[in-house]
Amino acid sequence: MEQADPDFRERMNFYFSHNQNVSSFLPLPDDKFTEIVIVPGTGRMDETEEKLKAVCAEKLQIFNSGVASIDILQLEVSKGNSLKWLASRYDLSPEEIMAFGDGLNDIEMLKFAGHFYAMKNAREEVKEAAKFVIKLPAAENGVLDTIEKEVLGM
């Protein structure tokens, strides 16, 4: 991440409070990471994703974010599993949960939530999995607009 764009570093620090920069994946332990984010650079997303899937798809999940990064997760780590755990922990049914997503790594979570929405700018696969596609992208307060209308009745 030392060579990454400052905006990207700031975004990663926002999403991952315990992130760590590494120059090589070789010394990483097998079970001590939650997510690895790779930024292959312009025009190399598909090629990098294919190579990663060819090498480690049986042991890890590989998600093309559709923006500028590829996410690598352990098989059991997912937004869907996290949402299921939270629902169990707080005794919530799927019908009591609203979820929003735009990337492939959101599909499992969206399918669990009783009210699931794809962002306007979501990948087609995500839009197909969602009940609704909201009219505004996240950058234009699409999530907030939907919550105001659907939950608060504004």
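**View 1. An open, antiparallel sheet of three strands in the order β1-β3-β2.** The model is predicted: local features require pLDDT of at least 70 and side-chain atom pairs count only at pLDDT 80 or more, whereas totals for chains, interfaces and linings use all residues. Residues are numbered from 1 along each chain as its sequence is written, and side-chain values use heavy atoms, with hydrogens and water left out. The edges of the sheet are formed by β1 (35–38) and β2 (60–64), each of which has a single partner strand, so one side of each is left without a neighbour in the sheet. Strands are DSSP runs of E with at least two residues, and helices are runs of H or I with at least four, numbered from the N terminus; two strands pair if DSSP finds at least two bridges between them. On average, and with direction ignored, neighbouring strands of this sheet are turned by 20 degrees against each other.

**View 2. The pairing of β2 with β3 (residues 70–74).** Five bridges join these two strands in the antiparallel sense. I62 stands opposite I72 in β3.

**View 3. Helix α2 (residues 45–56) across the strands β1, β2 and β3.** The helix runs at about 170 degrees to β2. Axes are lines fitted to C-alpha atoms, for helices over the stretch in contact (heavy atoms within 4.5 Å), and angles run from 0 to 180 degrees between N-to-C directions.

**View 4. The aromatic cluster of F100, Y117 and F132.** A search of the whole structure finds two aromatic pairs (rings of Phe, Tyr and Trp, the last by its six-membered ring, with centres within 6.5 Å; planes under 30 degrees apart are stacked, over 60 edge-to-face, the rest tilted). The ring centres of F100 and Y117 are 5.2 Å apart and the planes lie at 20 degrees, so this pair is stacked. F100 belongs to strand β4 (residues 98–101) and Y117 to strand β5 (residues 115–118), 17 residues apart, and the pair thus links distant parts of the chain. Y117 and F132 are also stacked, at 5.3 Å centre to centre and 25 degrees between the planes. Because Y117 lies in strand β5 and F132 in strand β6 (residues 132–133), this pair ties together parts that are 15 residues apart in sequence.

**View 5. Accessibility of the residues F100 and Y117 and of F132.** F100 and Y117 are both buried (under 20% relative accessible area; exposed is over 50%, partly exposed in between; 1.4 Å probe, protein chains only). The relative accessible area of Y117 is 5%, while F132 is partly exposed at 44%.
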